[in-house]
Amino acid sequence: ATHAALCARRAWRGAVDGAAHRARAILAPLMTTTATTATTATARPRSATELTAMMLGRPFLTSATRTTRAPITASASRAAPREHASFSSSSVASYGAKVVDPDTEPVRDHDLQIAHTRTHVTKKLWRERLRKAESGKGATKLSEKLLPKTPQTSTAVYDFQKDEEMREMYKSHGTDAVRMGRILEDLDSLAGNIAFFHADDGDDLTKTPQLVTASVDRVRLNRPLSLERSVVIRGEVAFVGRSSMVIRMEADEEQGTRDDELIGSNIPALTADFTFVARDPETNESWPVNPLICETRAQTARFEDIQASIVRKRLRHKKGDGVLNDELIAHRKKWVHDIRERARLNQEMPALTAGFQEVLTSQTVAENMFVAQPQQRNLSGRVFGGFLLRRAYELAFANCQLFSGGHPVFVEMSDIDFKLPVNIGDLIRFKCKVLHTVNTEEARCGKPSVYLEVRAIVTNPHKVTSAEANTFMFKFNVTGFENDNGEIEDVRLKRVLPTSTEEGLLIWDKCIRQRLCDDADFDKRNGLGNFV
(Lines give C-alpha, C1' and ligand atoms only; values in the text may rest on other atoms or scores of the structure.)
Protein backbone atom coordinates (compact mmCIF):
# COMPACT_ATOMS: atom_id res chain seq x y z
CA ALA A 1 0.00 0.00 0.00
CA THR A 2 2.85 2.36 0.84
CA HIS A 3 4.60 1.57 -2.43
CA ALA A 4 1.37 2.17 -4.38
CA ALA A 5 0.83 5.52 -2.66
CA LEU A 6 4.40 6.58 -3.47
CA CYS A 7 3.96 5.65 -7.12
CA ALA A 8 0.69 7.61 -7.29
CA ARG A 9 2.37 10.65 -5.77
CA ARG A 10 5.22 10.48 -8.31
CA ALA A 11 2.73 10.15 -11.13
CA TRP A 12 0.82 13.21 -9.85
CA ARG A 13 4.04 15.25 -9.68
CA GLY A 14 4.94 14.23 -13.20
CA ALA A 15 1.55 15.32 -14.46
CA VAL A 16 1.84 18.67 -12.70
CA ASP A 17 5.39 19.25 -14.02
CA GLY A 18 4.27 18.33 -17.52
CA ALA A 19 1.31 20.72 -17.35
CA ALA A 20 3.54 23.44 -15.95
CA HIS A 21 6.08 22.90 -18.74
CA ARG A 22 3.40 23.22 -21.39
CA ALA A 23 1.89 26.29 -19.68
CA ARG A 24 5.32 27.93 -19.44
CA ALA A 25 5.82 27.52 -23.15
CA ILE A 26 2.45 29.14 -23.82
CA LEU A 27 2.74 31.98 -21.29
CA ALA A 28 6.43 32.80 -21.79
CA PRO A 29 5.79 35.61 -24.31
CA LEU A 30 3.20 37.15 -22.00
CA MET A 31 5.50 36.97 -18.98
CA THR A 32 8.35 38.88 -20.62
CA THR A 33 8.44 42.65 -20.08
CA THR A 34 9.95 44.57 -23.02
CA ALA A 35 10.07 48.17 -24.13
CA THR A 36 7.76 47.42 -27.04
CA THR A 37 4.90 45.96 -24.97
CA ALA A 38 5.30 48.68 -22.29
CA THR A 39 3.16 47.07 -19.59
CA THR A 40 3.50 46.67 -15.86
CA ALA A 41 5.61 43.63 -15.10
CA THR A 42 4.18 41.21 -12.55
CA ALA A 43 6.07 38.84 -10.29
CA ARG A 44 7.34 36.01 -12.49
CA PRO A 45 7.04 32.49 -11.07
CA ARG A 46 10.36 30.68 -10.74
CA SER A 47 9.18 27.09 -10.32
CA ALA A 48 6.52 24.72 -11.53
CA THR A 49 4.78 24.96 -8.17
CA GLU A 50 4.60 28.75 -8.34
CA LEU A 51 3.40 28.65 -11.94
CA THR A 52 0.73 26.06 -11.11
CA ALA A 53 -0.44 28.21 -8.18
CA MET A 54 -0.67 31.23 -10.47
CA MET A 55 -2.72 29.26 -13.02
CA LEU A 56 -5.07 28.09 -10.28
CA GLY A 57 -5.46 31.65 -8.95
CA ARG A 58 -3.63 30.90 -5.70
CA PRO A 59 -1.22 33.35 -4.04
CA PHE A 60 2.50 32.64 -4.01
CA LEU A 61 5.53 34.50 -2.67
CA THR A 62 8.55 35.64 -4.64
CA SER A 63 11.39 38.04 -3.98
CA ALA A 64 11.47 39.38 -7.53
CA THR A 65 8.66 41.94 -7.86
CA ARG A 66 9.41 44.52 -10.56
CA THR A 67 7.44 47.45 -11.96
CA THR A 68 8.00 49.70 -14.95
CA ARG A 69 6.53 52.96 -16.14
CA ALA A 70 4.90 53.11 -19.55
CA PRO A 71 1.91 54.73 -21.21
CA ILE A 72 -1.19 52.56 -21.44
CA THR A 73 -4.68 53.38 -22.66
CA ALA A 74 -7.28 54.81 -20.32
CA SER A 75 -9.30 51.61 -20.52
CA ALA A 76 -6.39 49.87 -18.84
CA SER A 77 -6.43 52.57 -16.13
CA ARG A 78 -2.74 53.41 -16.13
CA ALA A 79 -0.92 56.72 -15.92
CA ALA A 80 2.18 57.83 -17.81
CA PRO A 81 4.47 60.49 -16.32
CA ARG A 82 5.03 63.56 -18.48
CA GLU A 83 6.33 67.07 -18.06
CA HIS A 84 3.89 69.53 -16.50
CA ALA A 85 4.04 72.08 -19.33
CA SER A 86 1.86 70.16 -21.77
CA PHE A 87 -0.11 66.93 -22.06
CA SER A 88 -0.65 65.43 -25.48
CA SER A 89 -3.88 63.73 -26.40
CA SER A 90 -2.27 60.33 -26.01
CA SER A 91 -1.07 61.14 -22.51
CA VAL A 92 -4.43 62.48 -21.44
CA ALA A 93 -6.05 59.34 -22.75
CA SER A 94 -3.88 57.40 -20.34
CA TYR A 95 -5.00 59.24 -17.18
CA GLY A 96 -6.05 56.58 -14.71
CA ALA A 97 -4.83 54.42 -11.87
CA LYS A 98 -1.27 54.50 -10.58
CA VAL A 99 1.84 52.83 -11.98
CA VAL A 100 4.58 52.74 -9.35
CA ASP A 101 8.26 53.22 -10.10
CA PRO A 102 10.64 51.60 -7.59
CA ASP A 103 12.76 54.76 -7.66
CA THR A 104 9.79 56.84 -6.45
CA GLU A 105 8.18 54.35 -4.09
CA PRO A 106 6.69 57.03 -1.75
CA VAL A 107 4.32 58.06 -4.54
CA ARG A 108 2.38 54.90 -3.72
CA ASP A 109 1.32 56.42 -0.39
CA HIS A 110 0.41 59.69 -2.08
CA ASP A 111 -1.78 57.92 -4.62
CA LEU A 112 -4.00 56.83 -1.75
CA GLN A 113 -5.01 60.51 -1.43
CA ILE A 114 -6.43 60.55 -4.97
CA ALA A 115 -9.89 59.00 -5.06
CA HIS A 116 -10.90 56.84 -7.99
CA THR A 117 -13.91 59.12 -8.45
CA ARG A 118 -11.70 61.93 -9.75
CA THR A 119 -11.45 62.39 -13.51
CA HIS A 120 -8.51 61.02 -15.48
CA VAL A 121 -7.21 64.56 -16.03
CA THR A 122 -7.38 65.55 -12.36
CA LYS A 123 -5.63 62.33 -11.32
CA LYS A 124 -2.80 63.00 -13.73
CA LEU A 125 -2.40 66.61 -12.63
CA TRP A 126 -2.40 65.74 -8.95
CA ARG A 127 0.18 62.97 -9.42
CA GLU A 128 2.41 65.42 -11.19
CA ARG A 129 2.17 67.87 -8.31
CA LEU A 130 2.82 65.12 -5.77
CA ARG A 131 5.98 64.02 -7.57
CA LYS A 132 7.26 67.59 -7.45
CA ALA A 133 6.36 67.94 -3.78
CA GLU A 134 8.07 64.61 -3.08
CA SER A 135 11.40 65.96 -4.33
CA GLY A 136 11.31 68.63 -1.63
CA LYS A 137 9.91 66.57 1.23
CA GLY A 138 13.03 67.24 3.32
CA ALA A 139 12.54 71.01 3.22
CA THR A 140 11.88 72.68 6.56
CA LYS A 141 11.19 76.32 5.67
CA LEU A 142 9.48 78.43 3.04
CA SER A 143 11.57 80.22 0.45
CA GLU A 144 12.19 83.87 1.21
CA LYS A 145 13.58 84.72 -2.21
CA LEU A 146 11.32 85.83 -5.05
CA LEU A 147 12.03 84.55 -8.54
CA PRO A 148 10.35 86.60 -11.32
CA LYS A 149 8.78 84.30 -13.91
CA THR A 150 7.13 84.65 -17.30
CA PRO A 151 3.73 83.08 -18.06
CA GLN A 152 4.02 79.40 -18.99
CA THR A 153 1.08 77.75 -20.73
CA SER A 154 -0.08 74.35 -19.46
CA THR A 155 -2.58 72.28 -21.39
CA ALA A 156 -4.56 69.05 -21.23
CA VAL A 157 -6.32 67.46 -24.19
CA TYR A 158 -9.47 65.31 -24.26
CA ASP A 159 -9.45 62.90 -27.19
CA PHE A 160 -13.15 62.10 -27.13
CA GLN A 161 -13.11 60.63 -30.62
CA LYS A 162 -10.62 57.86 -29.80
CA ASP A 163 -11.02 57.26 -26.06
CA GLU A 164 -14.40 55.70 -25.34
CA GLU A 165 -13.89 55.60 -21.57
CA MET A 166 -13.11 59.30 -21.42
CA ARG A 167 -16.04 60.07 -23.71
CA GLU A 168 -18.36 58.16 -21.39
CA MET A 169 -17.06 59.98 -18.31
CA TYR A 170 -17.69 63.44 -19.81
CA LYS A 171 -20.94 62.66 -21.62
CA SER A 172 -23.91 64.88 -20.83
CA HIS A 173 -27.48 63.62 -20.70
CA GLY A 174 -29.48 63.87 -23.91
CA THR A 175 -26.94 65.78 -26.03
CA ASP A 176 -23.49 65.52 -27.57
CA ALA A 177 -22.32 68.39 -25.38
CA VAL A 178 -19.57 67.89 -22.79
CA ARG A 179 -20.64 67.60 -19.15
CA MET A 180 -19.68 71.02 -17.81
CA GLY A 181 -19.44 69.96 -14.18
CA ARG A 182 -16.54 67.63 -15.02
CA ILE A 183 -14.77 70.35 -17.00
CA LEU A 184 -15.05 72.71 -14.01
CA GLU A 185 -13.33 70.10 -11.83
CA ASP A 186 -10.45 69.78 -14.28
CA LEU A 187 -10.13 73.54 -14.72
CA ASP A 188 -9.67 73.90 -10.96
CA SER A 189 -7.07 71.10 -10.93
CA LEU A 190 -5.06 72.54 -13.83
CA ALA A 191 -5.24 76.06 -12.38
CA GLY A 192 -3.96 74.67 -9.08
CA ASN A 193 -0.99 73.04 -10.81
CA ILE A 194 -0.15 76.25 -12.68
CA ALA A 195 -0.25 78.25 -9.43
CA PHE A 196 1.88 75.61 -7.66
CA PHE A 197 4.65 75.63 -10.26
CA HIS A 198 4.67 79.43 -10.44
CA ALA A 199 5.05 79.69 -6.66
CA ASP A 200 7.82 77.08 -6.62
CA ASP A 201 11.39 78.43 -6.60
CA GLY A 202 12.98 75.24 -7.95
CA ASP A 203 14.94 74.65 -4.74
CA ASP A 204 14.34 71.25 -3.10
CA LEU A 205 15.59 72.67 0.20
CA THR A 206 12.63 75.06 0.51
CA LYS A 207 8.90 74.44 0.73
CA THR A 208 6.27 75.83 -1.59
CA PRO A 209 3.64 77.90 0.27
CA GLN A 210 0.17 76.47 0.66
CA LEU A 211 -2.08 77.69 -2.18
CA VAL A 212 -5.79 78.14 -1.53
CA THR A 213 -8.52 78.87 -4.07
CA ALA A 214 -9.95 82.24 -3.02
CA SER A 215 -12.44 82.86 -5.81
CA VAL A 216 -13.50 81.96 -9.33
CA ASP A 217 -14.89 84.66 -11.56
CA ARG A 218 -15.94 85.44 -15.11
CA VAL A 219 -16.59 81.83 -16.10
CA ARG A 220 -18.31 82.28 -19.45
CA LEU A 221 -19.31 79.71 -22.05
CA ASN A 222 -19.29 81.37 -25.47
CA ARG A 223 -20.34 78.18 -27.27
CA PRO A 224 -20.91 74.56 -26.21
CA LEU A 225 -18.08 72.04 -26.18
CA SER A 226 -18.88 68.95 -28.24
CA LEU A 227 -17.94 65.32 -27.72
CA GLU A 228 -17.60 65.03 -31.49
CA ARG A 229 -14.32 66.98 -31.39
CA SER A 230 -11.19 66.83 -29.28
CA VAL A 231 -11.17 69.49 -26.56
CA VAL A 232 -8.18 71.21 -25.00
CA ILE A 233 -8.06 73.17 -21.75
CA ARG A 234 -5.18 75.53 -21.17
CA GLY A 235 -4.12 78.15 -18.69
CA GLU A 236 -1.34 80.40 -17.51
CA VAL A 237 -0.63 82.97 -14.80
CA ALA A 238 -2.21 86.25 -15.93
CA PHE A 239 -1.84 88.46 -12.85
CA VAL A 240 0.24 88.42 -9.66
CA GLY A 241 -0.20 90.59 -6.58
CA ARG A 242 1.83 90.40 -3.42
CA SER A 243 0.44 87.10 -2.14
CA SER A 244 -2.18 86.26 -4.77
CA MET A 245 -2.27 85.24 -8.40
CA VAL A 246 -4.96 84.95 -11.05
CA ILE A 247 -4.87 82.04 -13.47
CA ARG A 248 -6.61 82.65 -16.80
CA MET A 249 -8.16 79.40 -18.01
CA GLU A 250 -9.57 78.60 -21.46
CA ALA A 251 -11.26 75.64 -23.12
CA ASP A 252 -11.76 75.14 -26.83
CA GLU A 253 -11.77 72.60 -29.62
CA GLU A 254 -8.28 71.34 -30.43
CA GLN A 255 -6.72 72.68 -33.60
CA GLY A 256 -7.42 70.34 -36.47
CA THR A 257 -10.86 69.34 -35.13
CA ARG A 258 -12.28 72.85 -34.90
CA ASP A 259 -14.97 73.85 -37.38
CA ASP A 260 -13.87 77.40 -38.22
CA GLU A 261 -16.79 78.01 -40.58
CA LEU A 262 -19.22 77.17 -37.79
CA ILE A 263 -17.34 79.06 -35.09
CA GLY A 264 -16.26 82.08 -37.11
CA SER A 265 -14.26 83.53 -34.22
CA ASN A 266 -10.98 83.14 -32.39
CA ILE A 267 -12.67 83.66 -29.03
CA PRO A 268 -12.25 80.53 -26.86
CA ALA A 269 -15.34 78.46 -26.18
CA LEU A 270 -14.91 78.95 -22.42
CA THR A 271 -12.91 81.37 -20.27
CA ALA A 272 -12.48 81.59 -16.49
CA ASP A 273 -10.32 83.32 -13.89
CA PHE A 274 -9.16 81.36 -10.82
CA THR A 275 -7.66 83.36 -7.94
CA PHE A 276 -5.25 81.67 -5.54
CA VAL A 277 -3.69 83.07 -2.37
CA ALA A 278 -0.44 81.85 -0.83
CA ARG A 279 -0.35 81.03 2.87
CA ASP A 280 2.21 79.91 5.40
CA PRO A 281 0.90 76.41 6.28
CA GLU A 282 1.96 76.81 9.93
CA THR A 283 0.74 80.34 10.73
CA ASN A 284 -1.90 80.69 7.94
CA GLU A 285 -0.55 84.19 7.24
CA SER A 286 -0.19 85.48 3.70
CA TRP A 287 3.07 84.71 1.92
CA PRO A 288 4.58 86.57 -1.09
CA VAL A 289 4.63 84.82 -4.46
CA ASN A 290 6.99 85.12 -7.39
CA PRO A 291 6.38 88.26 -9.51
CA LEU A 292 5.12 87.98 -13.10
CA ILE A 293 7.03 89.29 -16.13
CA CYS A 294 4.74 90.21 -19.06
CA GLU A 295 6.66 89.71 -22.30
CA THR A 296 4.02 90.68 -24.88
CA ARG A 297 1.47 93.44 -25.32
CA ALA A 298 -1.33 90.91 -25.04
CA GLN A 299 -0.01 89.70 -21.67
CA THR A 300 0.33 93.29 -20.44
CA ALA A 301 -3.19 94.18 -21.58
CA ARG A 302 -4.57 91.08 -19.84
CA PHE A 303 -2.66 91.97 -16.66
CA GLU A 304 -4.18 95.47 -16.69
CA ASP A 305 -7.67 94.14 -17.38
CA ILE A 306 -7.57 91.76 -14.40
CA GLN A 307 -6.06 94.41 -12.15
CA ALA A 308 -8.85 96.82 -13.10
CA SER A 309 -11.45 94.16 -12.31
CA ILE A 310 -9.90 93.62 -8.87
CA VAL A 311 -9.92 97.36 -8.15
CA ARG A 312 -13.58 97.66 -9.20
CA LYS A 313 -14.57 94.78 -6.94
CA ARG A 314 -12.73 96.27 -3.96
CA LEU A 315 -14.16 99.72 -4.65
CA ARG A 316 -17.74 98.43 -4.74
CA HIS A 317 -17.20 96.54 -1.50
CA LYS A 318 -15.61 99.53 0.23
CA LYS A 319 -17.81 102.40 -0.95
CA GLY A 320 -21.13 100.67 -1.50
CA ASP A 321 -23.57 103.25 -2.83
CA GLY A 322 -20.67 105.66 -3.27
CA VAL A 323 -19.77 104.04 -6.61
CA LEU A 324 -23.28 104.61 -8.02
CA ASN A 325 -24.47 107.82 -9.61
CA ASP A 326 -27.77 109.49 -8.72
CA GLU A 327 -29.54 107.96 -11.72
CA LEU A 328 -28.59 104.40 -10.75
CA ILE A 329 -29.53 104.97 -7.10
CA ALA A 330 -32.95 106.29 -8.16
CA HIS A 331 -33.47 103.35 -10.51
CA ARG A 332 -32.58 100.87 -7.78
CA LYS A 333 -34.91 102.51 -5.27
CA LYS A 334 -37.87 102.45 -7.66
CA TRP A 335 -37.17 98.93 -8.92
CA VAL A 336 -36.90 97.45 -5.42
CA HIS A 337 -40.00 99.31 -4.23
CA ASP A 338 -42.15 98.17 -7.15
CA ILE A 339 -41.11 94.54 -7.02
CA ARG A 340 -41.56 94.40 -3.24
CA GLU A 341 -45.11 95.68 -3.62
CA ARG A 342 -45.83 92.81 -6.01
CA ALA A 343 -44.24 90.40 -3.55
CA ARG A 344 -46.44 91.63 -0.69
CA LEU A 345 -49.56 90.95 -2.75
CA ASN A 346 -48.39 87.40 -3.35
CA GLN A 347 -47.60 86.92 0.33
CA GLU A 348 -50.86 88.39 1.60
CA MET A 349 -53.27 87.04 -1.05
CA PRO A 350 -51.73 83.91 -2.59
CA ALA A 351 -55.05 82.54 -3.85
CA LEU A 352 -55.97 85.70 -5.76
CA THR A 353 -52.50 86.18 -7.27
CA ALA A 354 -52.05 82.58 -8.40
CA GLY A 355 -52.71 83.47 -12.06
CA PHE A 356 -50.32 86.45 -12.20
CA GLN A 357 -47.36 84.35 -13.48
CA GLU A 358 -45.32 85.41 -10.46
CA VAL A 359 -43.63 83.39 -7.72
CA LEU A 360 -41.62 84.23 -4.63
CA THR A 361 -37.95 83.27 -4.46
CA SER A 362 -38.84 81.04 -1.50
CA GLN A 363 -41.01 78.97 -3.86
CA THR A 364 -38.05 78.22 -6.17
CA VAL A 365 -35.70 76.69 -3.59
CA ALA A 366 -34.01 73.35 -4.25
CA GLU A 367 -31.35 71.86 -2.02
CA ASN A 368 -29.32 68.80 -1.19
CA MET A 369 -27.23 67.76 1.76
CA PHE A 370 -24.37 65.36 2.33
CA VAL A 371 -21.47 64.61 4.65
CA ALA A 372 -18.06 65.34 3.12
CA GLN A 373 -16.25 62.03 2.67
CA PRO A 374 -12.51 61.25 2.33
CA GLN A 375 -12.99 60.48 -1.38
CA GLN A 376 -13.79 64.18 -1.91
CA ARG A 377 -10.57 65.59 -0.44
CA ASN A 378 -7.86 67.45 -2.30
CA LEU A 379 -4.10 67.21 -1.81
CA SER A 380 -4.33 69.45 1.27
CA GLY A 381 -6.73 67.05 2.98
CA ARG A 382 -9.79 69.31 2.64
CA VAL A 383 -12.76 69.07 0.30
CA PHE A 384 -11.74 69.62 -3.32
CA GLY A 385 -12.90 73.01 -4.61
CA GLY A 386 -13.57 71.57 -8.06
CA PHE A 387 -15.95 69.06 -6.49
CA LEU A 388 -17.89 71.91 -4.86
CA LEU A 389 -18.01 73.75 -8.20
CA ARG A 390 -19.45 70.70 -9.91
CA ARG A 391 -22.06 70.04 -7.22
CA ALA A 392 -23.17 73.69 -7.25
CA TYR A 393 -23.36 73.76 -11.05
CA GLU A 394 -25.36 70.55 -11.32
CA LEU A 395 -27.83 71.67 -8.62
CA ALA A 396 -28.32 75.01 -10.39
CA PHE A 397 -28.81 73.21 -13.73
CA ALA A 398 -31.43 70.89 -12.25
CA ASN A 399 -33.26 73.71 -10.46
CA CYS A 400 -33.31 75.80 -13.64
CA GLN A 401 -34.91 72.90 -15.51
CA LEU A 402 -37.39 72.33 -12.69
CA PHE A 403 -38.37 76.00 -12.65
CA SER A 404 -38.53 76.71 -16.39
CA GLY A 405 -39.71 73.41 -17.85
CA GLY A 406 -37.20 73.94 -20.66
CA HIS A 407 -33.65 72.84 -21.39
CA PRO A 408 -31.00 74.94 -19.56
CA VAL A 409 -27.97 76.13 -21.56
CA PHE A 410 -25.10 77.35 -19.38
CA VAL A 411 -24.00 80.93 -20.08
CA GLU A 412 -21.87 82.16 -17.21
CA MET A 413 -20.88 81.76 -13.58
CA SER A 414 -19.58 84.63 -11.45
CA ASP A 415 -19.02 85.93 -7.93
CA ILE A 416 -17.79 82.57 -6.65
CA ASP A 417 -16.18 83.19 -3.28
CA PHE A 418 -14.58 80.49 -1.14
CA LYS A 419 -15.10 82.03 2.28
CA LEU A 420 -14.36 79.03 4.52
CA PRO A 421 -12.55 75.74 3.97
CA VAL A 422 -14.72 72.63 4.01
CA ASN A 423 -13.26 69.74 6.00
CA ILE A 424 -13.82 66.02 5.74
CA GLY A 425 -16.75 65.06 7.96
CA ASP A 426 -18.50 68.43 7.63
CA LEU A 427 -22.23 68.40 6.94
CA ILE A 428 -22.68 70.46 3.76
CA ARG A 429 -25.99 71.84 2.55
CA PHE A 430 -26.32 73.30 -0.95
CA LYS A 431 -29.28 75.68 -1.26
CA CYS A 432 -30.26 77.00 -4.67
CA LYS A 433 -32.95 79.51 -5.60
CA VAL A 434 -33.97 81.49 -8.65
CA LEU A 435 -33.29 85.21 -8.24
CA HIS A 436 -34.37 86.74 -11.53
CA THR A 437 -35.78 85.87 -14.96
CA VAL A 438 -35.73 87.62 -18.34
CA ASN A 439 -38.13 86.62 -21.11
CA THR A 440 -37.37 86.65 -24.83
CA GLU A 441 -38.69 90.14 -25.60
CA GLU A 442 -36.56 91.65 -22.80
CA ALA A 443 -33.33 89.71 -23.36
CA ARG A 444 -30.43 91.14 -25.34
CA CYS A 445 -29.58 87.68 -26.66
CA GLY A 446 -33.17 87.01 -27.70
CA LYS A 447 -33.47 83.98 -25.42
CA PRO A 448 -35.19 83.61 -22.04
CA SER A 449 -32.68 83.63 -19.18
CA VAL A 450 -32.65 82.47 -15.56
CA TYR A 451 -30.34 83.78 -12.82
CA LEU A 452 -29.73 81.50 -9.84
CA GLU A 453 -27.82 81.69 -6.58
CA VAL A 454 -26.29 78.66 -4.85
CA ARG A 455 -25.00 78.80 -1.27
CA ALA A 456 -22.89 76.10 0.36
CA ILE A 457 -23.54 76.04 4.10
CA VAL A 458 -21.44 74.06 6.59
CA THR A 459 -23.45 73.01 9.64
CA ASN A 460 -22.41 71.35 12.87
CA PRO A 461 -25.40 69.74 14.62
CA HIS A 462 -23.30 68.82 17.65
CA LYS A 463 -22.27 72.42 18.32
CA VAL A 464 -25.46 73.87 16.80
CA THR A 465 -23.46 76.15 14.46
CA SER A 466 -23.84 77.09 10.81
CA ALA A 467 -21.63 79.11 8.45
CA GLU A 468 -21.73 80.00 4.76
CA ALA A 469 -18.66 78.50 3.10
CA ASN A 470 -19.25 79.34 -0.58
CA THR A 471 -21.54 81.36 -2.83
CA PHE A 472 -22.12 80.85 -6.56
CA MET A 473 -24.03 82.89 -9.16
CA PHE A 474 -25.24 81.21 -12.37
CA LYS A 475 -26.94 82.34 -15.54
CA PHE A 476 -28.65 79.93 -17.94
CA ASN A 477 -30.48 80.51 -21.19
CA VAL A 478 -33.49 78.25 -21.69
CA THR A 479 -34.63 76.51 -24.86
CA GLY A 480 -37.85 74.59 -25.30
CA PHE A 481 -38.30 70.82 -25.50
CA GLU A 482 -39.89 69.04 -28.43
CA ASN A 483 -43.56 68.22 -28.02
CA ASP A 484 -45.23 65.03 -29.23
CA ASN A 485 -45.51 66.51 -32.73
CA GLY A 486 -41.78 67.20 -32.95
CA GLU A 487 -42.24 70.96 -32.60
CA ILE A 488 -40.17 73.12 -30.25
CA GLU A 489 -42.42 74.89 -27.78
CA ASP A 490 -41.52 78.39 -26.62
CA VAL A 491 -40.65 78.84 -22.95
CA ARG A 492 -42.38 81.56 -20.97
CA LEU A 493 -40.75 82.24 -17.59
CA LYS A 494 -42.56 83.42 -14.49
CA ARG A 495 -41.46 86.60 -12.77
CA VAL A 496 -39.58 86.00 -9.52
CA LEU A 497 -40.25 88.27 -6.53
CA PRO A 498 -37.94 88.84 -3.52
CA THR A 499 -39.20 87.96 -0.07
CA SER A 500 -37.44 90.92 1.59
CA THR A 501 -36.01 94.33 0.77
CA GLU A 502 -32.49 93.04 1.39
CA GLU A 503 -33.02 90.28 -1.13
CA GLY A 504 -34.41 92.83 -3.60
CA LEU A 505 -31.23 94.90 -3.28
CA LEU A 506 -29.15 91.76 -3.84
CA ILE A 507 -31.08 90.89 -7.01
CA TRP A 508 -30.70 94.41 -8.37
CA ASP A 509 -26.94 94.39 -7.73
CA LYS A 510 -26.29 90.92 -9.18
CA CYS A 511 -28.75 90.85 -12.07
CA ILE A 512 -29.87 94.38 -13.00
CA ARG A 513 -26.91 96.70 -12.40
CA GLN A 514 -24.66 95.11 -15.03
CA ARG A 515 -27.22 95.86 -17.74
CA LEU A 516 -27.35 99.53 -16.73
CA CYS A 517 -23.68 100.22 -16.03
CA ASP A 518 -20.77 98.58 -17.90
CA ASP A 519 -17.12 98.65 -16.83
CA ALA A 520 -16.21 101.60 -19.06
CA ASP A 521 -18.95 103.75 -17.53
CA PHE A 522 -17.97 102.66 -14.02
CA ASP A 523 -14.30 103.58 -14.62
CA LYS A 524 -15.23 106.97 -16.04
CA ARG A 525 -17.48 107.89 -13.12
CA ASN A 526 -14.99 106.74 -10.50
CA GLY A 527 -11.84 108.17 -12.09
CA LEU A 528 -10.15 104.86 -12.78
CA GLY A 529 -7.35 104.82 -15.38
CA ASN A 530 -4.39 102.57 -16.13
CA PHE A 531 -3.33 100.24 -13.34
CA VAL A 532 0.27 99.49 -14.32
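This section describes the aromatic ring pairs of the predicted model, together with the arginine residues that lie over ring faces.

In this predicted model, the count of aromatic pairs comes to 18. One of the pairs is formed by Tyr 158 and Tyr 170, whose ring centres are 5.0 Å apart and whose planes stand at 75°, so that the pair is edge-to-face, the angle being over 60 degrees. This pair links distant parts of the chain, since Tyr 158 belongs to strand E2 (residues 154–158) whereas Tyr 170 lies in the loop between helix H6 (164–169) and helix H7 (180–199), with 12 residues separating the two positions. Tyr 158 and Tyr 170 are both buried.

An edge-to-face arrangement is also found for Tyr 393 and Phe 410, because the planes of these rings are at 80°, with the centres 5.4 Å apart. Here too distant parts of the chain are linked, with Tyr 393 in helix H11 (residues 385–404) and Phe 410 in strand E10 (residues 407–418), 17 residues apart. Tyr 393 and Phe 410 are each buried, and both belong to a cluster, linked by ring pairs, that also includes Phe 370, Phe 387, Phe 397, Phe 418, Phe 430, Phe 472, Phe 474 and Phe 476.

Arginine residues are placed over the faces of aromatic rings as well. Phe 370, one of the members of the cluster, has Arg 391 over its face, at 4.3 Å from the ring centre. Trp 508 is likewise covered on its face by an arginine, Arg 332, which lies at 5.9 Å from the ring centre.

Methods
Residues numbered from 1 in each chain as written. Predicted model: local features only at pLDDT ≥ 70, side-chain atom pairs only at ≥ 80, totals over all residues. Heavy atoms only, no water. Phe/Tyr/Trp six-rings, centres within 6.5 Å; stacked < 30°, edge-to-face > 60°. Helix = DSSP H or I, 4+ residues; strand = E, 2+ residues; numbered from the N terminus. Buried < 20%, exposed > 50% of the residue type's maximum accessible area, 1.4 Å probe, protein only. Lys NZ or Arg CZ within 6 Å of the ring centre and 35° of its normal.
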